[in-house]
Amino acid sequence: MKIFLIFPVFTIAIVIGLLSCGSDDSSLVSITPGTGFYQVTILSSDGNHYAVGREYGQKVLATVPDYEQLIDSYLKELQEAAVPVTGSGIPGTAGSIPFAVMIARALEIKKQIDPLYLQELDGFASTLSGGDHDELGDGKLSRNEYLLLNLVPDIATTTACSTLAVTGARSATGKTIVGRITDWFPGSTGQFGALNALVHTRTGSKQVASFGWLGVLGNLVAINSSGVYIANLYSPVGGAYSAVGRRSILLDIRKAMETSSTLDEVANYLKDPAKLYGYNHNMFLADATTTKVLENDFNRTRALRGPDSALNPGIVWGFSNAVASVNSFLLLGNDDNHTPAPVNTERWANYKSLLAAQGSRVDFIGMKSIITYHKPGANGTDNGDIYGNTSIQAIVYSFDDNRLECWLRPHSGSFIDQPQFISIKMPF
């Protein structure tokens, strides 16, 4: 049985670009319902970030009238399910992070947020009904609760998510094919499934397509117009938690994707030793010819792992032109949070066996079959499941033909045994 710590579960399509909404040429934001997700376009290149955030909030509320109730109920469940990690790396007791502590952590992290992103957050928050009254379960969102929504991964963590990519001779197209599973607590009724979105942003000449949720301004999984792909994965090593001096990981990913043109530039931005976060993590990076994992182990090293990198004793990969990541560090000398954790070792073993079963080359359909593997009859609860009962996104992207297919968890609390993918046209 996987142990999941708290994390919000949304799946969203936000398109931020130069499109206008309706006939209003001055519009900064448009939101268009798709099949199981929203397409959102936000024009932010004029520099008026507060206006962008405010219009975005207004249009989210107009499109999803019960938005505040959905997020409020999710945050309440999140707080009740919150499981801190102790110094030994063992999960603590559910509900042991008080709501006031979560808010205090968010306010500490807020101090390090880029001022332009703060303007967007403030603009969106100005449209919400909760004002300065912080109370879970009242059906409203306060300014601080909306901030908490945007900083959930920095404050309350999860133990799942995984990614695999093949490139070069192992890819059927000769270019990178990447598959990603996002596992977050979905809410008892799958609240985040009502907020699925694809985010297309344009900042100057840079465009970013991001997969997330309505109202979440950072990036978790994203591709930019320079051809760089990124996905974030939690990697716990234990130790006492501190929010002091910590940054927002999703907003820093957004900054890196908006300002970088190469895989190495993104990696260099995020491995900067001056940038500290609320949790140790992996950044899965890919472009058309390369795939690597940035292991951000703050206690040891912050370095890139590739197919042939030296790994910690007892850990074997054995595949050229392919890289996988679960929620652990593997590089030689980094904390071994892999070997003691069955949820990591068993998924890692399944990635290896599933990849081997594909033979010498993996195509798009083969990647889909790998990332949706789950043990028959276990209802997504087996430690070795790649796709499990808390999966909220399954994403496959091919660099060769710009092909994107996604499964986005619907607004339901039930496990779906056979996830159905939809094709989504990339905005660039």
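This report describes strand E4, the loop that follows E4, and the cysteines of the structure.

The model is predicted: local features need pLDDT of at least 70, side-chain atom pairs count only at pLDDT 80 or more, and totals for chains, interfaces and linings use all residues. Residues are numbered from 1 along each chain as its sequence is written, and side-chain values use heavy atoms, with hydrogens and water left out.

**Strand E4**

Helices (H or I, at least four residues) and strands (E, at least two) are DSSP runs, numbered from the N terminus. Buried means under 20% relative accessible area, exposed over 50%, and partly exposed in between (1.4 Å probe, protein chains only). Strand E4 covers residues 162-166, and 5 of its 5 residues are buried, so E4 is largely enclosed by the rest of the structure. Ser 162, Leu 164 and Val 166 point one way, while Thr 163 and Ala 165 point the other way.

Two strands pair if DSSP finds at least two bridges between them. The partners of E4 are as follows.

| Partner of E4 | Sense | Bridges | Residues opposite |
|---|---|---|---|
| E5 (residues 177-183) | antiparallel | 5 bridges | Val 166 and Ile 177 |
| E13 (residues 322-325) | antiparallel | 4 bridges | Ala 165 and Val 323 |

**Thr 176 and the cysteines**

Thr 176 lies in the loop between E4 and E5 and is buried at 0% relative accessibility. Leaving aside neighbours within four places in sequence, the contacts of Thr 176 (heavy atoms within 4.5 Å) include Ala 165, Val 166, Asp 287 and Tyr 397.

A search of the whole structure finds 0 disulfides, a disulfide being a pair of cysteine sulfur atoms within 2.5 Å. Cys 161 is buried at 2% relative accessibility, and Cys 406 is buried at 1%.
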